[in-house]
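Here is a short report for a first look at a protein model. Start with the whole chain, then move to single residues.

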Amino acid sequence: MELAKRVQSLTPSATLAITAKANELKAAGHDVIGLGAGEPDFNTPEHILHAAKSAMDEGKTKYTPSSGIPMLKEAIVKKMKEDHALTYASNEVIVTTGAKHALYTLFQVLLNPGDEVIVPTPYWVSYPEQIKLAEGKPVFVKGEEKNQFKLTPEQLEAAITDHTKAIILNSPSNPTGMVYTKDELEAIGEICLRQGLLIVSDEIYEQLIYEGEGHVSIAQLSNELKERTIIINGVSKSHAMTGWRIGYAVGDATIIKAMSNLASHSTSNPTSVAQFAALEAYTSSEDDLGPMKAAFHDRLEKLHEWIASIPGVYCEKPQGAFYLFPNVQEAVQSNGFTTVDDWVKALLEEEKVALVPGSGFGAPDNVRLSYATSLEQLEEAAKRIKRFVKSHQ
Ligand SMILES: *Cc1c(COP(=O)(O)O)cnc(C)c1O
């Protein structure tokens with residue numbers, strides 16, 4: 001049987017192969033340290049669990065409107081107003097089955113065959129695949145390490161063609177942890193307006209910024225930019241709720257309506273009780289974020305120092321998310337490996353530390369380390385990586 005062409009070229013997630021290998025080693029009794037995680041290592045806060053249980057007990061287990069329960073949409077409207085001074089109506093909000101499905105649905109309703117979307121590299125693994133599934137064409141623009149991997153206005157200008165429909169911005173970034181400043185966004189926004197581009201702004205790590213001027217949404221910069229921007233966000237990273245699958249998109253009512261129509265034929269609605277859990281996350285006065293953020297910040301400071309001290313490893317210090325994205329090319333070469341992928345594999349086999357090779361993010365000279373694990377584990381991992389690099393020199 002032949003599968004549809006659209007899935008034949010799908011690349012499996014970059015973390016998959018390494019995770020499978022790590023699990024194999026773990027099952028064989030090895031002490032493996034996994035730095036591949038793309039999710040917080042904290043549990044969902046107790047009061048949120050409680051809200052979900054109450055929703056179940058109260059029978060809130062039926063279909064909901066496909067764009068989400070009105071109370072949650074109102075809570076998102078309020079959050080946008082309070083956190084970003086952005087005013088939206090509730091028909092400009094759709095709740096989705098995770099931010100990932102918001103992006104998937106968005107590309108499906110935006111793109112015609114051949115439409116181009118500018119994707120700065122390094123990129124989050126799902127963007128190119130989702131664009132291709134919508135028959136669009138990802139156009140990669142290389143974020144240079146000297147610019148903290150961020151897209152420059154010159155680069156953006158040079159990548160635009162008659163077919164360019166949209167651009168993706170992801171600040172703070174997965175995998176680099178870098179954050180765009182207001183000035184940088186202004187320069188990019190000016191070009192987007194002049195060229196009539198839509199802006200897909202993935203702000204899922206918005207709450208996890210540890211230094212610098214903090215989060216700015218490009219939609220905040222002017223009314224014109226707000227009209228051209230679809231913001232993607234969700235509770236996965238901010239409230240340690242990855243498994244609940246609640247995300248959302250806000251923006252132009254026509255686009256949101258089309259997304260809602262499509263969702264009504266694909267997911268029907270995000271899980272009812274998970275929506276009530278997210279409602280609690282956004283309306284409660286508990287400080288869920290504070291302790292998590294403090295722990296991430298502490299780990300960032302220490303892990304960055306440990307990693308940057310390894311010979312042949314060059315690491316820009318990020319301001320947000322929970323990843324480091326060092327360039328290991330020099331270490332790989334001096335260790336006698338041809339590719340970073342081979343080096344990562346040998347590191348796992350010999351020292352039992354699992355990293356994600358940068359090739360999956362469109363940056364083959366780098367690796368991604370997640371610090372969503374304990375400080376003890378991070379310190380031990382850094383020691384092992386250093387020992388590995390030295391033993392191969
Ligand atoms: C985790 C992540 C998402 C998806 O989050 P979900 O709401 O769990 O689907 C989207 N974008 C980026 C950059 C992410 O890291």
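Buried residues make up 55% of the 393 residues in the protein chain; buried means under 20% relative accessible area, exposed over 50%, and partly exposed in between, with a 1.4 Å probe and protein chains only. This is a predicted model, where local features need pLDDT of at least 70, side-chain atom pairs count only at pLDDT 80 or more, and totals for chains, interfaces and linings use all residues. Residues are numbered from 1 along each chain as its sequence is written, and side-chain values use heavy atoms, with hydrogens and water left out.

**The whole chain**

The protein chain has 15 helices and 12 strands. These are DSSP runs numbered from the N terminus: helices are H or I with at least four residues, strands are E with at least two. The radius of gyration is 21 Å, close to the 21 Å that the globule rule gives for 393 residues, so the chain is as compact as a globular protein of that length. That radius is taken over C-alpha atoms, and the rule is 2.2 Å times the number of residues to the power 0.38. The C-alpha trace spans about 60 × 55 × 55 Å along its principal axes.

Take contacts next, meaning heavy atoms within 4.5 Å. Among those between residues at least 6 apart in sequence, 76% join residues at least 24 apart.

**Three residues**

| Residue | Location | Relative accessibility | Class |
|---|---|---|---|
| Leu72 | helix H4 (residues 70–84) | 1% | buried |
| Leu10 | loop between helix H1 (5–8) and helix H2 (14–27) | 37% | partly exposed |
| Glu351 | helix H14 (residues 340–351) | 12% | buried |

Which residues does Leu72 touch, not counting those up to four places away in sequence? They are Val95, Ile246, Gln275, Ala278, Leu279 and Tyr282. Leu72 and Ile94 are 22 residues apart in sequence, and their C-alpha atoms are 9.7 Å apart in space.

Glu351 has a polar partner. Its side chain makes a polar contact with the side chain of Arg387, at 2.7 Å. Such a contact is a pair of N or O atoms within 3.5 Å; within protein, one must be able to donate a hydrogen and the other to accept it, and residues adjacent in sequence count only if both atoms are side-chain atoms. Beyond its neighbours within four places in sequence, Glu351 is in contact with residues including Arg384, Arg387 and Phe388.
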